[in-house]
Amino acid sequence: MTKDKNLNIDWGTLPFGYHPTDYNIRSLYKDGKWGKPEVSDSEYIPVHIAATGLHYGQEAFEGLKAYRGADGKVRLFRWQENAKRMQRSADGIMMAEVPEELFGAMIKTAVKLNSRFIPPYGTGATLYVRPLLFGIGPQIGVKPAREYMFLVLVTPVGPYFKEGFHPVSVEIVRDYDRAAPLGTGYIKVGGNYAAGMRASERAHQGGFASVLFLDAIEKKYIDEAGPANFFGVKNNTYITPKSHTILPSITNMSIEQIAKDMGLSTERRQVPVEELDTFEEAGACGTAAIISPIKKIVDRDTGKVYKYGDEPGPVSTKLYHQLRGIQEGTEEDKHGWTEVIEGV
Ligand code: PLP
Ligand code: COI
């Protein structure tokens, strides 16, 4: 896409995709320390031909959103959790860690500099913030780089699943794993997404919004969807899988707390595939997916179909509105999860 600096965006139909904005911001790690962040208006980066990020997958990213509230203010949601998760990702694949203060300063600057791309309240669109960390220094032996780039880009997005808050269909697969039992599923590194791509594309072609991966050892328990965690609801209980191979979702842990605040019980434990039959509601959750109710889960191997109704269930609906309300400043933020970005 060529860089179109003129705003001509139909916010209400915006897909979850890349749209160019005015600026991104970068910092380089060299000689053991992070350099002063630099603002760039280029969509390209100079990368060494032997960079470890290209050759050996030394790359991690984050995803969070800036929300325009009903009161006109712009809020970030629990960005410190994204900073901590990126540190865990860096630690997991031996990259330099980005200090939380640098992470915070750079995401806020990126949002401010691109404020004209923050979608208006009520359109369902938001400004997606994508921090990216990768090995930029050269190695040909398999070793960590000595130099890293931390970059923050932003792009306005609509809901990840084009259905928005309307139930989607997902497909259980057993012939692909997104993460190995002792691999990198618990951190947000690019390799996990590459590993899941074949299964995801096949699912899309089959008319499914996403794949539902199972545990890689026994294929007995639900792990997570391609880009989001999974949850089920029954008997006033919010249930979500516990597994070392899933990404600890910030949205999911927030929804668990909201569920508790609403008087529901919560359980984080292994969820056997057969239990799908017993749920009253099911859904996927994440920053991009928000809460996407699931209407149908099809087991690709057995042909079994689990159905949850064509309309969002009452619990998912309440959780969704409460979460969005906190993010958009229309519900009380009693846990102090949001931060208003001043001067936007
Ligand atoms: N699971 C995977 C594999 C993801 O890519 C994401 C998105 O970040 C999530 C879950 C949801 O995590 P979060 O709620 O922190 O965005
Ligand atoms: C997110 O929810 O922010 C994600 O990163 C999911 C997907 C776009 C990879």
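## Two domains and a ligand

The domain assignment, which is automatic or from a database, splits the protein chain into domain 1 (11–157) and domain 2 (168–328). This is a predicted model, in which local features need pLDDT of at least 70 and side-chain atom pairs count only at pLDDT 80 or more, while totals for chains, interfaces and linings use all residues. Residues are numbered from 1 along each chain as its sequence is written, chains are lettered from A and ligands numbered from 1 in the order in which they are written, and side-chain values use heavy atoms, with hydrogens and water left out.

Taken over C-alpha atoms, the centres of domain 1 and domain 2 are 25 Å apart. Contact (heavy atoms within 4.5 Å) links 25 residues of domain 1 with 21 residues of domain 2.

Now let us turn to ligand 2. The shell around ligand 2 takes at least three residues from each of domain 1 and domain 2. Residues near ligand 2 (a heavy atom within 4 Å) include Phe-16, Phe-61, Arg-130 and Tyr-193.

Three polar contacts (pairs of N or O atoms within 3.5 Å) involve oxygen atoms of ligand 2, as the table shows.

| Residue | Partner atom in the residue | Distance to an oxygen atom of ligand 2 |
|---|---|---|
| Tyr-128 | side-chain N or O | 2.7 Å |
| Lys-188 | polar side-chain atom | 2.7 Å |
| Ala-288 | polar backbone atom | 2.9 Å |

Of the 280 Å² of accessible area (Shrake-Rupley method, 1.4 Å probe) that ligand 2 has on its own, the protein covers 90%.

Technical notes. Polar contact = N/O pair within 3.5 Å; in protein donor to acceptor, adjacent residues only side chain to side chain.
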